[in-house]
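Welcome! Here is a short, friendly tour of a structure you may be meeting for the first time. Take a moment to look it over, and then read on.

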Amino acid sequence: SWTVYMVKCANGALYTGITNDLAGRLADHNAGRGAKYTAAFGPVALVWKTRRKDRSAASKLEAAIKKLARAEKDELAAGRMKL
């Protein structure tokens, strides 16, 4: 299964991604081997995650989250919003 996740970067920004190995991906982000954005603005801290059965479903949810306003992403991370 795949995990859709959101991390908070050291600069306060939220980064959303998908992976089938969350622990490994977070380690990559924090070692500067993750995405260019998190390499520049790390370290990161996990603030939200959910699982999906396949990559397609995870990618669709990731795209939907990336379209949300910052306030909506904050609500999601705080557990006050469901997707």
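At the heart of this briefing is an open sheet built from three strands, arranged in the order β2-β1-β3 with antiparallel pairing. Please keep in mind that the model is predicted. We start with the sheet, move on to the helix that packs on it, and finish with one buried residue, T38.

**The sheet**
- Strands β2 (14-19) and β3 (44-52) are the edge strands, and each of them pairs on one side only.
- On average, neighbouring strands in this sheet are turned by 20° against each other, direction ignored.
- Strand β1 covers residues 2-9 and is joined to β2 by six bridges, with the two running antiparallel.
- If you would like a spot to find in the viewer, look for T3, which stands opposite T19 in β2.

**The helix on the sheet**
- Helix α3, made of residues 55-66, packs on the sheet and touches β1, β2 and β3.
- The direction of α3 makes about 170° with that of β2.

**A closer look at T38**
- T38 sits in helix α2, which spans residues 36-41.
- Is T38 buried or exposed? T38 counts as buried because its relative accessibility is 0%, and the cut-off for buried is under 20%.
- The T38 side chain makes a polar contact with the side chain of H29, at 2.7 Å.
- Setting aside neighbours within four places in sequence, T38 is in contact with C9, Y15, H29 and V44.

Technical notes. Residues numbered from 1 in each chain as written. Predicted model: local features only at pLDDT ≥ 70, side-chain atom pairs only at ≥ 80, totals over all residues. Heavy atoms only, no water. Pairing = 2+ DSSP bridges. Helix = DSSP H or I, 4+ residues; strand = E, 2+ residues; numbered from the N terminus. Axes fitted to C-alpha atoms, helices over the stretch in contact; angles between N-to-C directions. Contact = heavy atoms within 4.5 Å. Buried < 20%, exposed > 50% of the residue type's maximum accessible area, 1.4 Å probe, protein only. Polar contact = N/O pair within 3.5 Å; in protein donor to acceptor, adjacent residues only side chain to side chain.
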